[in-house]
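These are my notes from going through one structure, entry by entry. I wanted to look up where chosen residues sit, what they touch and how charged side chains pair.

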Amino acid sequence: SMAEEAGAGPRLAELLAAGRRLWEEVETGAEPSSGAPAVQDKVRQGLDALQRAAAMVAQLDLFSENEELEEIASADLKYLLLPALLGSLTLKQVNLSKRLEHLESARAHFWRFLKLCRSYGLGSFHLPPASPPGAEDAGTPSPGNPAATQPSLVAMASSRQAKIERYKQKKELENRLASMRTFVESGQADEEQIREFYILQIQKWINTSLEEIESIDQETVILRSRGSAKQSSAPPHGTSRQARAPLKPFILTRDAAQAKVFGAGYPGLPTMTVDDWYEQRRRQGVVSAQSVPQRTPGIADEELQKQQQEKKEEEDDEEALQKARNWDDWKDTHPRGYGNRQNVG
């Protein structure tokens with residue numbers, strides 16, 4: 001193989017094997033959280049090994065876009081997987097503030113892998129666009145082509161069909177790979193079988209890469225729209241929110257007693273519970289123990305406010321009450337439509 005002739009063979013093979021092993025440990029890990037420090041250490045080490053291997057592959061010029069699949073030595077085929085593995089491990093990083101960066105980087109890896117596969121005629125698939133949607137013109141809708149933004153039902157049905165097909169293929173590939181793996185790894189396979197094994201792996205990763213790019217694009221759109229929403233709600237002229245004069249809390253209550261119960265200002269926490277308030281009033285002899293109503297927690301504050309409101313209405317609005325009563329009496333003695341004599345039926 002070219003890699004071995006160039007003298008980088010063993011070193012390159014070791015780096016790929018190490019990166020792959022770490023990827024597998026993270027992928028099938030027993031750790032419940034991918035954010036666990038031990039898992040993230042493996043992600044970092046794996047990325048480091050794979051990046052060094054990829055740099056070597058580039059230096060050795062192992063693959064070129066104008067050569068045929070047959071020209072690649074069987075032992076070198078496995079290095080085609082480097083960008084796909086890099087993409088997969090890149091997504092396993094958990095730093096939220098860099099999420100968009102990681103998505104774009106992973107997508108670029110997957111895309112490079114797919115482009116390389118296409119140039120070697122590996123797998124039949126549509127190469128996705130080189131950059132995620134809205135990258136060049138963030139925030140501007142695609143002009144004049146509603147079909148681009150609204151997938152037709154036919155397209156959706158066919159993409160669903162394609163997904164089902166892809167899923168079946170993937171399962172089939174995984175079964176074949178599993179049955180060949182031990183055979184190849186024990187060194188019993190001949191070159192033809194080794195070649196088939198690597199090509200099957202590449203095909204499996206083509207499926208994975210297409211799926212990953214699809215979900216990366218969906219997540220990118222969501223993160224971008226959140227980002228632009230955040231920017232538009234930021235205060236103008238770079239004034240930081242902290243720099244503004246603090247607002248005085250405003251008291252939403254009618255009197256001091258209520259302020260004590262409900263807390264001054266909003267969102268203020270109550271300084272005492274309604275029960276404490278009743279207890280205090282009872283000790284002061286304002287309310288007798290019998291008059292403390294049996295209350296359900298939760299509705300308590302509303303109940304108290306309602307009672308106070310009713311009391312206020314009784315005191316302040318004796319006049320309004322009298323009016324309402326008079327109106328009721330009037331309605332009793334005058335049937336509906338009284339006085340309306342224009343349209344005698």
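**Entry 1: threonine 90.** I began with the burial of threonine 90 in this predicted model, and found a relative accessibility of 4%, which lies under the 20% limit, so threonine 90 counts as buried. I located threonine 90 in helix 5, which covers residues 82–91. Setting aside neighbours within four places in sequence, I listed what threonine 90 is in contact with, and the list reads Leu47, His102, Ser105, Ala106 and His109.

**Entry 2: lysine 92.** I then moved along to lysine 92, which I found in the loop between helix 5 and helix 6, the latter spanning 99–119. Which residues is lysine 92 in contact with, once neighbours within four places in sequence are left aside? I noted Trp23, Val26, Glu27, Gln40 and Val43. For glutamate 27 I also looked up the backbone separation: its C-alpha atom and that of lysine 92 are 8.9 Å apart, although the two positions lie 65 residues apart along the chain count.

**Entry 3: the whole chain.** I paused for the overall composition, and recorded 13 helices and 0 strands for the protein. Of its 345 residues, 29% count as buried. I also checked how far along the sequence the contacts reach: among those between residues at least 6 apart, 65% join residues at least 24 apart. The protein exposes about 23,200 Å², and carbon and sulfur atoms supply 53% of that area.

**Entry 4: helix 8.** I wanted to know how the end-to-end distance of helix 8 (residues 153–185) compares with its expected span. With 33 residues at 1.5 Å a residue, helix 8 should span 48 Å, and I found its end C-alpha atoms 46 Å apart, which agrees. I did note a kink of about 30° in helix 8, and its centre is at serine 179.

Turning to burial, I found Arg166, Lys170, Leu173, Leu177, Met180 and Val184 buried in helix 8. I kept in mind that an α-helix has 3.6 residues a turn, so residues three or four places apart point the same way. When I asked what covers the buried residues of helix 8, I found that the cover includes helix 9 (191–233). After helix 8 comes glycine 187, and I recorded a positive phi for this glycine, near 80°.

**Entry 5: a charged pair in helix 8.** I looked at glutamate 185 and arginine 181, which form a salt bridge with their closest N and O atoms 3.4 Å apart. Both residues lie in helix 8, 4 residues apart, which is about one turn of the helix. Their exposure I noted separately: glutamate 185 is exposed, with a relative accessible area of 59%, while arginine 181, at 30% relative accessibility, counts as partly exposed.

**Entry 6: salt bridges elsewhere.** My count of salt bridges came to 17. One of the pairs I opened is lysine 42 with glutamate 25, where the closest N and O atoms are 3.1 Å apart. Lysine 42 lies in helix 3 (residues 37–60) and glutamate 25 in helix 2 (residues 9–27), so this pair ties together parts that are 17 residues apart in sequence. I found lysine 42 partly exposed, with a relative accessible area of 30%, and glutamate 25 is also partly exposed, at 30% relative accessibility. I then noted that Arg21, Glu25 and Lys42 are linked in a network of salt bridges.

Another pair is aspartate 41 with arginine 44, whose side chains meet in a salt bridge at 2.6 Å, N to O. Being 3 residues apart in helix 3, aspartate 41 and arginine 44 are separated by about one helical turn. Aspartate 41 counts as partly exposed at 36% relative accessibility, whereas arginine 44, at 52%, counts as exposed.

**Entry 7: a nonpolar patch.** Last, I looked for nonpolar side chains at the surface, and found that Trp327, Trp330 and Tyr338 form a patch there with about 380 Å² of accessible area together. I placed tryptophan 330 in helix 13, residues 318–333. Is tryptophan 330 buried or partly exposed? At 39% relative accessibility, I entered tryptophan 330 as partly exposed.

Terms used
Residues are numbered from 1 along each chain as its sequence is written. This is a predicted model: local features need pLDDT of at least 70, side-chain atom pairs count only at pLDDT 80 or more; totals for chains, interfaces and linings use all residues. Side-chain values use heavy atoms; hydrogens and water are left out. Helices (H or I, at least four residues) and strands (E, at least two) are DSSP runs, numbered from the N terminus. Buried means under 20% relative accessible area, exposed over 50%, partly exposed in between (1.4 Å probe, protein chains only). Contact means heavy atoms within 4.5 Å. The expected span of a helix is 1.5 Å times one less than its number of residues. The bend at a residue is the angle between axes fitted to the seven residues ending there and the seven starting there. Accessible areas come from the Shrake-Rupley method with a 1.4 Å probe; for residues, only the protein chains shown count as cover. Patches are made of residues with over 30% relative accessible area and no salt bridge: like charges are joined within 9 Å, nonpolar side chains (Val, Leu, Ile, Met, Phe, Trp, Tyr) within 5 Å. A salt bridge is a side-chain nitrogen of Lys or Arg within 4 Å of a carboxyl oxygen of Asp or Glu.
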